[in-house]
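The following exercises concern helix geometry and helix packing. Please consult the sequence and the structure while working through each solution.

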Amino acid sequence: MRDTETIRIDLDLLGNPSIEPNSSSFIQREAGERVLRALARPVDPPNDESEDGERPAALNVLRERRHDAILVSARRGEGKTTFLTSILATVQTESYRRMVSPESLGAGSPPRLYSLGIIDPTLIETKQNIIIVIIDRIRIASEHRRRRSGRFDEYAGVENALRKLAQGLSLLDGIGEGLYSGKDWIDPDFVLDRGLEDASAAHDFERRFRAFVKAAARYLDADAFVLAIDDVDTWFERGWPVLEALRKYLVTPQLRIILSGDLNLYALLVRRQQWSQMGDAFLRAEQMRGNADPGTSLIGKIGSMVEALQDQYLVKVAPPENRIDLKSLAYHAEVGVIELVAKGLHKPVEVRAFLRTLSDRVFCIRYGPDLELVGRQLLQLPTRSALQVLAGAVAVCTDDQPGPSSLRTAENALRHVAWTALMGVDLDIEKTRDPTPNAILGVLGEWLTRSGLWASLARFHPEAVDADNRNLVALYVTAVLSGVFRISPGRMVDYWLKIAVIREKVDRGEILANSPDGLPRLFRHLAAGTVESSLQFVSRLAAWEVTEGGRERIRRTISQIRLSGASVPLTRVRERNPASRELYGLGFDGKSGLDRELFRELKGRPPSERESLLNALPPPLRGYHASLLRAGWSYDSRRGTEAGFQVYFVNGIEDLTERLDRNSRLVARIPMHRIVSGQASESGNYSFLRLLSVVGEFIDLLTVSEDHRVANIARILRSATQTRSYPTPVAAQESRSEDNQDFEDDDEAEADLDSDPSASYRGMRLEDVLANWLSEHATQDTWRALAPVTLSRMWTRFTYTFENMRDELIHAQTRYLGVLMHRTVISFLHSVGYEAMRAANVETSRSLANNPVRSGEVFARLLDEIYSDSNKAPFRKTPEFLFFDVIFSCPLWAYFLARHEQQEVAVARRQEPNDSIFQQYASRTESFWPEGDASFAAVQLRSPKTESPAVFEGLFFPLNTVQLQGQTEQERRAGSALSSVQAVLRRRRRALKLDDSDPENTD
């Protein structure tokens, strides 16, 4: 095919068999030219044989015996029948004569060909023989000419040849009785008078068949007949007799055969016959001989012998030079141009442009390499299937934005094309038709588990080596999910939590996808087949992971920092020494322990002592004690005779949240839940995934009317902040700790939340702030989703970043819950932002591909490019930006982000990333808060005494006083600075006491 050629396909006329090979709508133009050249080769009719010589003609060698059938090979659905119909139409109209290039003919002219039409062996009755069908077609053509032309004398030659041929028809299978059977063969007179003559006619059948074809062609003024035999490969019982007829009889140069089928299926057909010819008895005997006397049997060589017979048989019947492949649309789009036309399209559209629009609107894929991959996969489908998909997407690919009905039409076309592939992977097709948004991810999760396809299909991206049409399945599921995401955008977050989380664990080997006690047992524990929210899903996942990844019969829990949550104390911290060492680097008591009395005695002391003691604390704790001291807290224990420990130096997560103001308590409680072990003990877990699941539920409210939005936000907060226990697998078997009795009554919960005296602090309710956030984003005209593969890439990046970030936390420096949450939020937002830019084909600095493991510097620069770089203005109009922006601007992050460098680290890092990030965040979100006050998300912590509440900027510092349990390695020098300052202050106190007790001291 020449590069300048254009194929124009009318999608309104699919399956039209009347297209001529020279038409612009004829797809297989290159194959058509090759077939016509093969048909137009010069015809050398066999010589007339005479009995005048010394030898009988029946014993002469047939020198013109050639096997030159043309094999048109293609997959099912590639348009073989339409192709053959078009080729034969050119023979019927003799238009082929002007289509064949003169270069292929040399000095001659194209032969005169006569079409005998198409024979489908699968439609021939069992008692019919393919040779009889061919003979009958030639007879019909000859008689038609006789009736129309009146050339009766010339027809006598055809009739005479047919009569001679008829004498030998008993040779053919299914015709008459056996050639040498019957009682007449015991009669010598019969044998001499008729038997040997009939036998001679049968044995000379090929010669008489050639003579009949030659006579008929001469009578019809043709050089040769053309016959197409379709679908020889689809039915063995019909296909093998056709191949044998080609090998034995259809070898006259005046009969040009075009076979169609799949060469792979032809090979299987021949291979089966060759093995069958070996016979079971022979194969068993060779096997037994090999077992009894190894080395003497041929059983090991039979396979290679069969392969050789198979290859040579196919080479003889369909010579390699006569094999012509029908190429997919992908090939034609690569070497030329394909234009699509339809009534629904305003103008012809180049197929790649059409596919880009289809990918964007149906699959929500816009990333360049993914567009190429999806387009190639669709065009590599069998032509019939590919055209059905394209035709179904016409309404979607118009200039206007498609409506729901257009999108459903495109999805339906894809479903029907993929139907067999979907059945092949055991996906319940009906459950994916117009799916319920809160159920579809559970359906897909159970299917991936049941079929063992988590490792290869969970991203639903056509990236597999397509041996079983899994790429088609991936595309269909992508279309289904994209449709769900459009009407329920919060399900994109659910996809992260219910699909991407599990896929990453499978990918990393944390869960064995094909193990019967791996994923199936996990999914039973997660209750994944229900329509419960992702909040419950990730909470149960945390309960699974604390028992060494769900190991059976593990009764205890393993404290650790995991993506599903960090192990924390719930209420009163009883193991004081480990808690003190992990937070402050010093033990609870002893000479080298944490001197709590120094804090208690700071009131009234010089500011320099306060500053020196605060500066000796790790930065993540410094701000907590500074706020307590500013509020005038005494550090007194409940008895008042000594310094307290709980509340002042360390907190359990539940105790801490009870002391927070109403809005802060709501936010702080979202990630919090209890886990019940097999020993019936409860431990705390603080989970970023729970926080993210609630963000997803809020995003889903974008499609809810503004009048009902605040009420729905309150409902979500009420549900997410209830204290609930989740059992480990062992505990779940022994008790039912997840019954409804664990839930508080909704009215009681709401009353409890609003009973806080500081509930009206700053006259602002969290629900109103969240409603303002959603209202801004709900003004978008249309919500365009992101593809599952884009979401998967975001989550994969986040998972890697989280693990590296967690491993870089340093004891008594950065290993604190507040720091963990701050860095987790930054890691997550960076992963979403960077992959969103990639998915929108936006070029970014190479350094932005790095992950914020120790510092948020790379995220700060990413935010500058997203929001401030004028060159990135086009990105700010993309669906990818809108998705990132709605997540980044969520008001909940204000409670977890550190706002200044000195809050997290002792020495400010390059470009002071915490300050830069929070400035960008505050600039983007300040309009959601009352009066746009930059001190939004202020937190009040109530004192156990009567002092004023301590005020913080967010939850960063209060969370840092909650012990992260599971510390295994501790820094040797941790707490040395605090220990040194304590020693200095103690000496100073002792010196002051001595001065006060000296009677000679008159001061």
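**Exercise 1: Helix α4**

The buried residues of α4 are Ile 130, Ile 131, Val 133, Ile 134, Ile 135, Ile 138, Ala 141 and Ser 142. The model is a predicted one.

Task: Determine what span helix α4 should have at 1.5 Å a residue, and compare the expected span with the distance between its end C-alpha atoms.

Solution. Helix α4 comprises residues 130-149, which is 20 residues. The expected span is 1.5 Å times one less than the number of residues. The helix should therefore span 28 Å, and its end C-alpha atoms lie 29 Å apart, in agreement with that value. Just beyond α4, Gly 150 adopts a positive phi of about 75°.

**Exercise 2: Helices α13 and α14**

Task: Classify the mutual orientation of α13 and α14.

Solution. The axes of α13 (residues 351-363) and α14 (residues 368-379) come within 10 Å and cross at roughly 110°. Angles from 65 to 115 degrees count as roughly perpendicular. The two helices are therefore roughly perpendicular to each other. Residues of α13 in the contact include Leu 355, Leu 358 and Phe 363, and those of α14 include Leu 371, Val 374 and Leu 378. By class, the contact residues are eight nonpolar, two polar and three charged.

**Exercise 3: Helices α30 and α31**

Task: Classify the orientation of α30 relative to α31.

Solution. The axes of α30 (residues 688-699) and α31 (residues 706-720) come within 10 Å, crossing at roughly 160°. This angle makes α30 roughly antiparallel to α31. The crossing is right-handed. In the contact, Arg 690, Val 694, Glu 697 and Phe 698 of α30 meet Ile 713, Ile 716, Leu 717 and Ala 720 of α31. These residues divide into six nonpolar, no polar and two charged.

Methods:
Residues are numbered from 1 along each chain as its sequence is written. This is a predicted model: local features need pLDDT of at least 70, side-chain atom pairs count only at pLDDT 80 or more; totals for chains, interfaces and linings use all residues. Side-chain values use heavy atoms; hydrogens and water are left out. Axes are lines fitted to C-alpha atoms, for helices over the stretch in contact, and angles run from 0 to 180 degrees between N-to-C directions. Helices (H or I, at least four residues) and strands (E, at least two) are DSSP runs, numbered from the N terminus. Angles under 35 degrees count as roughly parallel, over 145 as roughly antiparallel, 65 to 115 as roughly perpendicular and the rest as oblique. Contact means heavy atoms within 4.5 Å. Ala, Val, Leu, Ile, Met, Phe, Trp, Tyr, Cys and Pro count as nonpolar, Asp, Glu, Lys and Arg as charged, and the others, Gly among them, as polar. A crossing is left-handed if the near helix is turned anticlockwise from the far one by less than a right angle, and right-handed if clockwise. Buried means under 20% relative accessible area, exposed over 50%, partly exposed in between (1.4 Å probe, protein chains only).
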